[in-house]
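Trainee: Could you take me through one part of this model in detail? I'd like to start with the sheet and then move on to whatever sits around it.

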Amino acid sequence: MSLHESKGLSSPVTIIAGCVNGLLPRAPKGTLTPVERQHYDEEQRRLFFVGITRVKADPANGKPGTLILPYSQEMPLATAMNAGIAPAYVNYGTAMLQASRYIAEMAPAAPAAVWVP
């Protein structure tokens, strides 16, 4: 389901896949004025907020809510370019990606990250 479709719903586990710059926030199509760019960025941030607030804990049953924000660290350059993702840098045809800036903006209120290899 898309972030747009999740509005008004909740779940004990919420996964927002593709938390990389270029997908979340998505790069705008075409050239925007500074005011249009600001509105576009605010709408993308609101959409992310909708997604992260879908998590609902069930404390009565001892179940915490779980939010999972995975992102790929690399992908083939051609795939990234076709998806409109500008890589942080390129290494021999591999696009090296950055986590969505929205994740960093959640700090210091965000819970500690857990690394899963």
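In which sense do β4 and strand β5 pair, and over how many bridges?

Mentor: Keep in mind that this is a predicted model. β4 and β5 (residues 94-96) pair in the antiparallel sense, and three bridges join them. If you want a spot to zoom in on, take valine 90, whose bridge partner in β5 is alanine 95. Now zoom out a bit: the sheet is an open one made of three strands, ordered β3-β5-β4, with antiparallel pairing. β3 (74-76) and β4 (89-91) are the edge strands; each has a single partner strand, so one side of each has no neighbour in the sheet. On average, neighbouring strands here are turned by 30° against each other, direction ignored.

Follow the chain on from β5 and you come to serine 100, in the loop between β5 and α3 (101-105). Serine 100 has 2% relative accessibility, so it counts as buried, the cut-off being under 20%. Leaving aside neighbours within four places in sequence, serine 100 is in contact with Cys19, Val20, Asn21, Leu24 and Pro25.

Cys19 is worth a stop too. Cysteine 19 sits in the loop between β1 (13-15) and α1, and its relative accessibility is 0%, so cysteine 19 is buried as well. Not counting residues up to four places away in sequence, cysteine 19 touches Leu24, Leu69, Pro70, Tyr71, Gln98, Ala99, Ser100 and Ile103. Look at the alanine in that list: cysteine 19 and alanine 99 are 80 residues apart in sequence, yet their C-alpha atoms are 5.9 Å apart in space.

From there you can step into the largest nonpolar core, nine residues made up of Leu3, Ile16, Cys19, Leu24, Leu47, Phe48, Ile52, Tyr102 and Met106. Helix α1 (residues 34-52) gives the most to this core, with three residues. Phenylalanine 48 is a good one to click on: setting aside neighbours within four places in sequence, it is in contact with Ile16, Leu24, Leu69, Tyr102 and Met106. Apart from this core lies another, of six residues, including Val20, Ala80, Ala95 and Leu97. Ala95 brings us back to the sheet, as the β5 residue that bridges to valine 90.

One last bit of context, from the record: an unreviewed UniProt entry lists residues 1-57 as "domain: UvrD-like helicase C-terminal". Over that stretch the chain is 33% helix and 5% strand, with its end C-alpha atoms 20 Å apart.

Definitions and conventions
Residues numbered from 1 in each chain as written. Predicted model: local features only at pLDDT ≥ 70, side-chain atom pairs only at ≥ 80, totals over all residues. Heavy atoms only, no water. UniProt positions renumbered as here; feature names shortened; annotations may be inferred. Helix = DSSP H or I, 4+ residues; strand = E, 2+ residues; numbered from the N terminus. Core = buried A, V, L, I, M, F, W, Y, C linked by side-chain atoms within 4.5 Å. Buried < 20%, exposed > 50% of the residue type's maximum accessible area, 1.4 Å probe, protein only. Contact = heavy atoms within 4.5 Å. Pairing = 2+ DSSP bridges. Axes fitted to C-alpha atoms, helices over the stretch in contact; angles between N-to-C directions.
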